[in-house]
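Okay, thanks for coming, everyone. Let me put the model up, and then I'll talk you through a pocket and a sheet.

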Amino acid sequence: MLALEALTNRVGELAKTVGVFIRQEANHFDSSKIEHKGANDLVSYVDKEAEKLIVKGLKKILPEAGFLTEEGTELANLTDLYWVVDPLDGTTNFLHGLPVFSISIGLIQNDNVVLGVVFEVNKAECFTAYKGGGAFCNQKRISISPIKALKESLIATGFPYSLLDKKDNYFEIMKSLQVSSHGLRRMGSAAVDLCYVACGRFEAYYEFNLNPWDVTAGILIVQEAGGIVTDFKGEYTSLNGLEILAAGNIHQQVLSTIQKYW
Ligand code: IPD
Ligand code: CA
Ligand code: CA
């Protein structure tokens with residue numbers, strides 16, 4: 001059996017160490033170093049180097065685990081036990097000198113997320129959870145917001161790189177939620193959005209067209225903080241990030257709005 005608590009602490013320490021590297025690079029990053037993976041899909045040497053450091057560290061921590069990593073440092077190896085790594089979630093923010101970006105590391109065992117660590121680099125906040133162990137920010141227990149009314153809620157979302165044929169539906173959802181809540185926020189890091197739901201800064205977060213590495217760690221952190229994570233049908237999300245709604249008490253209210261326009 002995995003010693004999940006000890007593993008989580010070690011992964012948290014690793015994320016903080018790699019966070020130091022990312023923060024140092026942020027101080028002298030210039031736009032000539034931006035590379036393009038696809039339309040509006042940016043990357044830099046910082047993402048790639050951070051991922052190499054994370055993979056190296058995780059191999060020491062748990063040599064038997066495989067990997068699914070955004071920048072492909074390791075060939076995807078989705079066995080019974082594998083890490084899901086986003087070395088820099090919020091790359092566009094990072095590249096434009098905006099402060100919100102994070103490292104996201106999840107561990108999947110037999111198709112279940114059993115460990116999640118998200119380190120928000122500039123706030124130096126390390127969000128952690130392991131299955132059945134609760135959720136924490138810098139070792140302090142966190143839980144979802146007690147707010148029950150949509151009109152008192154702050155809601156996060158993201159604008160998918162490609163909106164495809166769902167563009168109008170997406171904007172209708174935004175319009176509706178914008179006028180019926182305290183407002184919408186677009187932080188630019190899905191992992192941070194999820195952690196902010198977990199610690200009650202946001203009452204809900206929804207997005208679509210994400211990837212597993214954006215959401216794996218954050219999903220467990222929300223669930224362990226008492227939140228609900230589903231797809232837009234209201235069913236348990238299968239970790240692929242294609243549709244995600246994470247919320248506390250207002251989950252059903254936001255889901256109804258999404259379903260009205262989706
Ligand atoms: C992105 C962020 C962003 C979300 C994008 C993701 P990246 O990840 O999580 O908030 O809206 O869809 O791709 O590219 O910065 O790792
Ligand atoms: Ca990401
Ligand atoms: Ca990334």
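Quick bit of bookkeeping before the pocket: Ala, Val, Leu, Ile, Met, Phe, Trp, Tyr, Cys and Pro count as nonpolar here, Asp, Glu, Lys and Arg as charged, and the others, Gly among them, as polar. And keep in mind that this is a predicted model.

So, the second largest pocket. Its volume comes out at about 250 Å³. There are 15 residues in the lining, and nearest the centre you'll find Thr8, Asn9, Thr128, Phe136 and Gln139. Two elements give two or more residues each to that lining: helix 1 (4-27) and strand 7 (125-130). Helix 1 has the largest share, with six residues. Now, how does the lining split by class? We get four nonpolar, eight polar and three charged residues.

Okay, on to the sheet. This one is open, with five strands running in the order 11-10-12-14-13, and the pairing is mixed. At the edges sit strand 11 (183-185) and strand 13 (228-230), each pairing on one side only. On average, neighbouring strands are turned by 20 degrees against each other, direction ignored.

Let's zoom in on one pair. Strand 10, residues 154-157, runs parallel to strand 11, with three bridges between them. Leu154 is the one opposite Gly183 in strand 11.

And what packs on the sheet? Helix 4, residues 167-180, touches strand 10, strand 11 and strand 12 (204-208), and its direction makes about 170 degrees with that of strand 12. Then there's helix 6, residues 212-224, which touches strand 13 and strand 14 (243-247), at about 140 degrees to the direction of strand 13.

Key: Residues numbered from 1 in each chain as written. Chains lettered and ligands numbered in written order. Predicted model: local features only at pLDDT ≥ 70, side-chain atom pairs only at ≥ 80, totals over all residues. Heavy atoms only, no water. 1 Å grid on protein atoms, 1.4 Å probe; cavity = no way out; pocket = protein on both sides within 12 Å on 5 of 7 lines; lining within 4 Å. Points joined across faces, edges and corners; volume = space filled by probe spheres on them. Helix = DSSP H or I, 4+ residues; strand = E, 2+ residues; numbered from the N terminus. Pairing = 2+ DSSP bridges. Axes fitted to C-alpha atoms, helices over the stretch in contact; angles between N-to-C directions. Contact = heavy atoms within 4.5 Å.
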